[in-house]
Structures are given as C-alpha cells and as structure tokens.
Amino acid sequence: MSATVDSTGPVIGIRHLQAALLFLAICVNYIARLNVSVAVVAMTDSATTNPDFPEYNWSEAQRSYILSSFYWGYIITQFPAGFLVRHFGAKIVLFIPTLATAILSAVTPYTISEGGWVAFSVLRIIMGLFQGLIFPCIHEHLAKWSPPKDRNRLGVFAYSGADCGSVMAMGISGLIANSSMGWPGISYVSAGLCGIWCLLWLLLAANSAPSSKLVGQNERDYIERSLKREDGFHVQKIPIPWRALWTSVPFYALLIVRSAQGWANSTMQLQTPAYMHGVLEMDIKSNALYSALPFVAMWCMSYIYLAFADVAMSRKWMSLNTLRKSINTIAYWGPAAALIGIGFLDKEQTAWAIALMTINAGLNAGSGIGSILTIIDMSPNHSAILMAITNGVGNIFPLLTPLLVGVIVTDPGSRSQWQIVFALTAIVFFVGNLVYIIWGTTDQQPWDAVDFLKPRDAELDQDSASVKREKAAIKAIDAKTEKIM
C-alpha cells in the first residue's frame, strides 16, 4: 500500500455508511424485540388502549414467560453466530435474522389469535433464535471497517441504534396500540421497518473495505493500513486460540461486566412498563411515552460520552484503558444508586420516579464506550467469537430475570416487591464493574496475533536462520584460512 495515502482518510466515507446501516439494523430489530413489553400490557388491559381488539386474561406468570421466551432462543444461537459470520461474512448472516424478524412480526397477531400465550411464546423463541446472530455480526463488521482512530465514533453510533430502537419500541408502540390499528399494528409496523432495512443492506453493505464497490482507494488504504492488514488478509482463516482465550483473566472480567449489563437491561427494558402500570398506575399511552424517556436520555447521553472520549483522547488526558474504566464506572455505579432510590417511590411521587429512571438510563449509556468496544480493543481478529461468548452468557440473565420478577412480584402494585427487584439489579451493577476495574484491560491480547498458534514454526525458522548464519561464518573463516595458507 502507498505510504503517501492520507493518514486520516476521508472525513465522511463508506465506513460511516456501514456504521449507519448497523445503527438501523440494531434499531429495527430492537423495535421488534422490545415492543412486546408494551404490547402485552395492551393485550391484557383493553381499558387503556383501543377496545376494538381482543383482550387476553393472562396471569403474571404467563406474561413473564412471554417476556422471557425471546431470550430462550437468543442465547442458543450466540455461539454458532461467531462461527457463521467468520465463515460467510456479516452481509448474509445479518440479513437472514432481520428478514426472519420481519416475517415473524407480520404473523404475530394471527399466531396469538390461534394459539394464545403459548403460541406467542413459541414465536418469540424462534425470533430469539434468529436475532441471536445479530450482535456477533455487528462486532465483526465494526472490526473490519473501524480504524482505531474512528472506533469510538463508529462503534458508539452503531450501538446507539439500541437506544433509538428502545425509544421507538416504547414510544410508538403505545400510540399504535391506542390508534385504529390497535395492538396488532405494533407487529405490522415492526415487520415493515425490518423489510425496508433488508433492501438497504443488500444494496449498500460489504463484508470489508476491499470487497466494497462503493469505497474509494484512499479510504480503503486508510482502513486496511491503520489496522495493519496485509494484502489478502480477509481471505485467510485465522485459527481461534481457545486455550489462551479461556485462561485469559481480562476476558473473564469482560464477560462478567457484560453479564451485569445484560441483567440490568432486561430489568429496565422489559419490566419498566409493568412497574409504571402497577405501582405508578399509569395508563398504557402515558406508560409507553414515559417508558421511552429513559431511552431518549440514553440515546442523547451516548453522544455526550462520545464527545468527552474524543476530547480526552485527542488531548491525552488519560490512557484508553483509564478512559473506558472511568466511563464504565459512571455508567454502572450511578444507575445502581438511582435504582435503589426508585424502589422507595410510589404513585404520589410519579415525577421523581420518572426522573430517576431517566437519569439511570442516561448514565448507563456510557457502557458502550466503557466496555462493549473493549472487545474489539482486546481482539479485533476474534471480535465475533468474543462477542458471541460474552453476549451469549450475558443474555442468560435476561432469560432468568423476567422469571425471577414473576416470582418476586406477585402483586404488580406492591412497591416493596419492586424494591427487591431494583436492589438486586443495583448489586449486580456494582459487583460487575468492580471486577472490570480490577482485572479488565483494553490492551490487545497476545493471543489475537495472526500467528499466535504457530510459535513452533517461528522458533524453527529462527533456529534454521541461526544454523545458516553459523555455516556462513564457518565458510568465511575457512576461506580466510585458505588465503593465509
């Protein structure tokens, strides 16, 4: 590659288009994943939504099964996703689950009318199986397209699609349920959004810069050179260093901190509407709008964290390791304190409860820069596998937390029962980040090297070179001896 290529690449390029496509991918899939929390409330309480559609008398335990069922399928395909995306590339592997989500969303109302909550749970399991492929693809795609200087910007922008999707799922779902479309409209809108994204992805996405027909030579060279990739890098198969990975302390620290985030996410995303409806006694329309406020804060705060990170790194206020841990501490311990406070509020302090939930979510937005992107820092060559493992293990907890909430919260209007739920989440937040502070790191790991599993070959090459040098030296001495004689 030419050494004269601009070291920063174009200000706005195809790498930004890829990040935008990832943003939209996460957004539309999150809408389909999370709108169930509002939809279930609408389906079981027609007094607060359009009464022209069927109402179901589901128990709290049955609702918990519906809310958690997505994650039963979701965790199963996380690990295989890492292998699939390494073999086939992100373009096809990310397209499949989004198309499947569109189809499953479209048939949701019919499925419920025919099979009730059981059929709804089965459909959600299938959707989870498909969506389990998504985040390993996201991380693999970011690792292929994100130069280190742009990693924070591209990564935060792409992952802010989760916040946008959460806002849309909470905000528009209540409005749709209250409209002439009723609660079935929630699924139909999700199906349409996923379908539109699929078309954009097929037209504009590429697995890597060298394989893209849209990227210019300048930007292609900038991406590949900044990531220290030689020609032909993308066609080689880098073996996974399993032993080194599973004996890596920083990897376990990352696994624990991301699992803590999984627990917290499932509590806030899936249980907030139930808490606001039960304890704060808010109707479905207001519930949905106010449930969306924390995610609006999270969406906005993610860019504020990004701005701070850019300034801190450009002015060299701190190392990348210190930056990520500092932001993650604010993102975890701040919400831990807010959650405890939320548990002491009831319908007389609705405004305070909404304010604390909004602050909680806004502070937690820093987890993107704080720990998600650490996966790529540690191992850009194996980011899909690392994401598959951490996301898979981390999402065991979203599977369990709705069931745990169903056991703890037998009366949705009981403040004391919700206090237990929020206190447990606060403890998980605190412990998870403490482990990350002590043992986590952003250093690229030795086992990420392309030739890590070939040390013996390297040693043999060195030995062979040494033998050749020794033979050459002996020949030179013999030649001099002959001349003297």
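1. Starting from the outside: the chain exposes about 20,500 Å², and carbon and sulfur atoms supply 66% of that area. Keep in mind as you read that this is a predicted model.

2. On the overall build, we have 20 helices and zero strands. Of the 485 residues in the chain, 55% are buried. Among contacts with a separation of 6 or more, 85% are between residues 24 or more positions apart.

3. Have a look at the nonpolar patch on the surface. It is formed by V249, L404, I420, L424, I427, F430, V431, L434, I437, I438 and W439, which together have about 940 Å² of accessible area. Helix α19, residues 415–439, gives the largest share of the patch, with nine residues. I420 is one of the residues placed in α19. Is I420 buried or partly exposed? Its relative accessible area is 43%, so I420 counts as partly exposed.

4. Helix α14 is worth a quick check too. The helix covers residues 350–364, 15 residues in total, and reaches 21 Å from its first C-alpha to its last, close to the 21 Å expected at 1.5 Å a residue. Which of its residues are buried? Those are A353, I354, M357, T358, N360, A361, G362 and N364.

5. Now the charges. Side chains of opposite charge can pair when their charged atoms come close. In this structure there are seven salt bridges, and a few of them deserve a comment.

6. D377 is a good place to begin, as this residue turns up in a salt bridge with R151, where the closest N and O atoms are 3.2 Å apart. That pair links distant parts of the chain: D377 sits in helix α16 (residues 374–378) and R151 in helix α7 (residues 151–178), 226 residues apart. Both D377 and R151 are buried.

7. D377 also meets the side chain of R324 in a salt bridge, at 2.5 Å from N to O. Here R324 belongs to helix α13 (residues 320–342) and D377 to helix α16, so the pair ties together parts that are 53 residues apart in sequence. R324 is buried, as is D377. I'd view points 6 and 7 together in the viewer, with D377 bridged to R151 and to R324.

8. Then there is a network: R15, D150, R153, E219 and D310 are joined into one by salt bridges that share partners. Within the network, D150 and R153 form a salt bridge, with 3.5 Å between the closest N and O atoms. How do the two ends sit with respect to the surface, and what is the relative accessibility of D150? D150 has 7% relative accessibility, under the 20% cut-off, so D150 counts as buried. R153, on the other hand, has a relative accessible area of 40% and is partly exposed.

9. E219 is another member of that network. The residue is found in helix α9, which spans residues 217–226. With a relative accessible area of 4%, E219 is buried. Which residues does E219 touch, leaving out those up to four places away in sequence? The answer is P10, G13, I14 and R15. R15 therefore appears twice in this note: as a contact of E219, and as a member of the salt-bridge network.

Definitions and conventions:
Residues are numbered from 1 along each chain as its sequence is written. This is a predicted model: local features need pLDDT of at least 70, side-chain atom pairs count only at pLDDT 80 or more; totals for chains, interfaces and linings use all residues. Side-chain values use heavy atoms; hydrogens and water are left out. Helices (H or I, at least four residues) and strands (E, at least two) are DSSP runs, numbered from the N terminus. Buried means under 20% relative accessible area, exposed over 50%, partly exposed in between (1.4 Å probe, protein chains only). Contact means heavy atoms within 4.5 Å. Accessible areas come from the Shrake-Rupley method with a 1.4 Å probe; for residues, only the protein chains shown count as cover. Patches are made of residues with over 30% relative accessible area and no salt bridge: like charges are joined within 9 Å, nonpolar side chains (Val, Leu, Ile, Met, Phe, Trp, Tyr) within 5 Å. A salt bridge is a side-chain nitrogen of Lys or Arg within 4 Å of a carboxyl oxygen of Asp or Glu. The expected span of a helix is 1.5 Å times one less than its number of residues.
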